Structures are given as C-alpha cells and as structure tokens.
Amino acid sequence: MTPDQRFARRVQVAIALFVLLFAYFLAADLWMPITPQAQLTRPVLRIAPRVDGQVLDVAVANNQHVEAGQLLFRLDPQPFRLAARSAELALEQAGQDNRQLDAAIAAARADQAAAQASASELQREVARLGRLVQSQHVSRQLYEQTEAQRQAAQAKLAAAGARIRELTAQRGAAGDDNLRLRQARNALDQARLQLQYSEVRAERAGILSNLQLSTGAFLHAGNPVAALVADEADISADFREKALRYVRLEDGASVVFDALPGHIFEAKVSAIDAGVKEGQLDANGDLAAPAVSDRWVRDAQRQRLHVSLTETLPFALPSGAKATVQLYPRDSHLADLFGRLQIALISLLHYVY
C-alpha cells in the first residue's frame, strides 16, 4: 500500500469515526441525556430572635449539628416573666371589675324597683287627689305638689333604667365571652408567647453556620445572627430542552458528585420545573422587546429538573456541591447500558479534575 493510499485510508477512518461519534451524541442527547450543570442545595434558614433582649447564654457552637427543637440560645427571660405576671394580674383585675359591675347592676336594679314603687304610689295618689280637687275637698296646690313629686319619681325611675343599661354595657357578656376577660386573656397569651420566644430553638435539623453571637449581646427582633443549613438536600440539574423530550417523573437517574469521585449514586426524577425566568412576563405597561441577535444558531434553552437520591450519602455534602446527572428516560437496556458507561467514565474523570 502506497503512502497516499495509507493517508486516504486514515482520512476515511477519521471521517467514519467522526460520523459515528456525531450520531452517538445525537442519540445520547435524546435517549440517555447527561449534564454536568447540576448541584446539591439545602434550605438555609436565617436564625433571628422574635423579640428584643439580651443574650443570657449560648447553648451551641458554630458549625455544630443541631436537631429540630434544640435550644440554640436564650435571652434574659426576666422582663418577659414580669410582663406575663403583669398580664396575669390584669386578668385577675378584669374578673374583679366584672364582679364589681355585677354588684353595681344589682344595686341599680334595687334602686329601680324602689323608684318604680314610689312612682306607682304617687300615680295612685295623684289620681285620688284629682277626684278630690274636682269636689273641692283638697286644694289644687296639694294636687300640683303631688303631681310634681310623681313626675320626679318617674324621672328617677328613668334614670335608674338608664344606669342599669350603662352598667350592663360596661359589664358586657357573661362567662368566657366577656370582652374584658377576652382582652385580658389575649394580653396574657401574648406575654407568655414572648416569654417562650426568649428561648430560640432550631426549626429543623441541620448545621449551624456563621454563628456570630456572644453572651451579653443585645439583639433586636428579626436581625439574623446565624444561618442554619438544613439536612434535607435537593439536587437540581439543567438540561437542554430537547434532552427532556422523553423524560417523565420517577424516571431513573444516576448522580456523581465532584467531591466523591468514583461513587455513582442511584436516583430518580422527582420534579420538573414549569419554566425559566426568561419565560416570565411582567405586566409593566411596556411594549414587547423582541430579542435581537445576529447569530444563525442561538444558544439552546435549558430547563431545570430535580432528582432525589434513593440511597444515603456517606457524609453531608455542603450546599452548592457540584454534580453530574445521567438520566434514563426510556425503557431500553441498550440505552441504560451506554448511559451507565457515560456516568462511569465521568466518575473516573473526577479523580483527575
């Protein structure tokens, strides 16, 4: 074989390999998609007190793992205890005020009964005197004096009724529906809740990070003093749109983390995002702004999906750990085989970079 023939043969082999690789990548992108654009994220909670107060003691250390409900730090509870005691006294005072009003209402009802009896007696007396005046057996002056007394008795009776209505309005409803008691109980509940808030506890299990706190510091409600990185992990992966054509929920997947080279974790597709930020339109009153580009082939749009591991990590990876995700969207043994070869190769390459 001449040198020209050997060169031509090599060119033909190179072209054939290129065509085979090109066809493989086209098929792989549809039947066994893989992406290095993936990472592990964990919910991060900002730890902040709900009330103002001075730190009495700190029960944990920075970067310590804590369980849900575990005490993190405690504020001086004495001001909140005094507030709760004051609210208890206010509730007791409200009950005493109601009893006083009950007694006042009873006295007002007795005054009303007395006024009613006096008014009735004077009414009958005026009627008798009216008949006697007509027969001139009594003077008109006596009749008019008695009539004035009757009118005064009626006014006193009306005043007694108004007093009863006033006291009844002040007293309010009886039993637990009484407004004064409900207000006092609400204030007591608020005071007790603030006392409970003087102890700051972990909302969920995780690692406490960036703790910047010392005994004696005065804290304001809502100001973060640490971050809690939760134990729950979510793995998000970004794929080109056409690579997700056949992907469905619960499809199998494999994950390789940069921090754990050579270790392939089994997973499954748990969620697929409904869209990306570029697809979100704000009704701001402006006209449409079409994208302008002189490129013949634009960049492929990527969509995000989430996978969940079906096995436990050997140790807690930090939030933001990078990963590579391999999907198995079709029930094909051949596609699964090549997909597992792909992710195995990636896991070995992580030893190098």
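Visitor: What makes up the secondary structure of the protein chain?

Guide: The chain has five helices and 14 strands, where helices (H or I, at least four residues) and strands (E, at least two) are DSSP runs numbered from the N terminus. This is a predicted model, in which local features need pLDDT of at least 70, side-chain atom pairs count only at pLDDT 80 or more, and totals for chains, interfaces and linings use all residues. Residues are numbered from 1 along each chain as its sequence is written, and side-chain values use heavy atoms, with hydrogens and water left out.

Visitor: What radius of gyration does the protein chain have, set against a compact globule of 353 residues?

Guide: The globule would have a radius near 20 Å, but the protein chain has 43 Å. The radius is taken over C-alpha atoms, and the globule rule is 2.2 Å times the number of residues to the power 0.38. Along its principal axes the C-alpha trace spans about 165 × 55 × 40 Å.

Visitor: Why is the set with Phe239 and Val255 called a nonpolar core?

Guide: Because a nonpolar core is a set of buried Ala, Val, Leu, Ile, Met, Phe, Trp, Tyr and Cys residues joined through side-chain atoms within 4.5 Å, with buried meaning under 20% relative accessible area (1.4 Å probe, protein chains only). This largest core has 23 residues, and Phe239 and Val255 are among those that touch the most other members.

Visitor: Which strand gives the most to this core?

Guide: β14 does, with four residues.

Visitor: What is valine 255 in contact with, leaving aside neighbours within four places in sequence?

Guide: Its contacts (heavy atoms within 4.5 Å) include Ile235, Phe265, Val307 and Val325.

Note on methods. Buried means under 20% relative accessible area, exposed over 50%, partly exposed in between (1.4 Å probe, protein chains only).
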